Amino acid sequence: MSSRVRTIDGRTPRVSAIADALQVVGDRWSLLVIRELIFGIHRFSEIQANTGAPTATLSERLRKLEKAGVIARRRYSEHPRRYEYVLTPVGDDLSPVLAALGDWGARYVTRARAAIAEDL
């Protein structure tokens with residue numbers, strides 16, 4: 001038996017760079033972390049405050065993004081040992097992607113949610 005993923009009709013799914021990218025940055029917390037770094041927020045506590053991410057979730061996403069080469073961790077305090085996070089060139093390349101996603105959300109999601117709230 002093959003360990004390859006199959007669709008319901010038995011076909012092998014299409015190879016997709018979009019699917020591959022989503023494996024790295026395709027969840028809410030990862031995208032919000034990247035947003036904060038783009039906005040110049042670099043410290044764990046500030047990222048957490050601005051995203052609302054649970055501590056364990058944020059720690060895990062930061063490790064995942066660092067392992068993928070999207071962000072880098074750098075020490076800013078020796079005693080106590082503390083780190084801040086910065087985008088790598090790979091992460092910087094996500095800026096236009098997040099800007100486009102934000103534009104789309106403002107146009108179709110936030111506006112629609114506001115219209116529904118007005119009807120209530």
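Okay, quick definition to kick off: two strands count as paired if DSSP finds at least two bridges between them. Keep that in mind for the hairpin. And one caveat: this is a predicted model.

So, the hairpin. Strand S1 covers residues 71-77 and strand S2 covers residues 82-87, and the two run antiparallel. Six bridges join them, and the cut-off is at least two, so they count as a pair. Between S1 and S2 there are four residues, and together the strands make a hairpin. If you want a spot to look at on screen, find Ser77, which stands opposite Arg82 in S2.

Now zoom out. What else is in the protein chain besides two strands? Six helices. Going along the sequence, the order is α-α-α-α-β-β-α-α, with the two strands back to back in that pattern.

On to overall shape. The radius of gyration of the protein chain is 18 Å, whereas a compact globule of 120 residues would come in near 14 Å. The C-alpha atoms take up a box of roughly 60 × 55 × 25 Å along the principal axes.

How much of the chain is buried? Of the 120 residues, 23% are. As for contacts with a separation of 6 or more, 40% of them involve residues 24 or more positions apart.

Last, the surface. The protein chain exposes about 8,800 Å², and 56% of that comes from carbon and sulfur atoms. For you charge people: I count 19 positive and 14 negative side chains, with the centres of the two sets 6 Å apart.

That's it from me.

Technical notes:
Residues are numbered from 1 along each chain as its sequence is written. This is a predicted model: local features need pLDDT of at least 70, side-chain atom pairs count only at pLDDT 80 or more; totals for chains, interfaces and linings use all residues. Side-chain values use heavy atoms; hydrogens and water are left out. The radius of gyration is taken over C-alpha atoms; the globule rule is 2.2 Å times the number of residues to the power 0.38. Buried means under 20% relative accessible area, exposed over 50%, partly exposed in between (1.4 Å probe, protein chains only). Contact means heavy atoms within 4.5 Å. Accessible areas come from the Shrake-Rupley method with a 1.4 Å probe; for residues, only the protein chains shown count as cover. Lys and Arg count as positive and Asp and Glu as negative; His and the chain ends are not counted. The place of a charge is taken as NZ of Lys, CZ of Arg, CG of Asp or CD of Glu.
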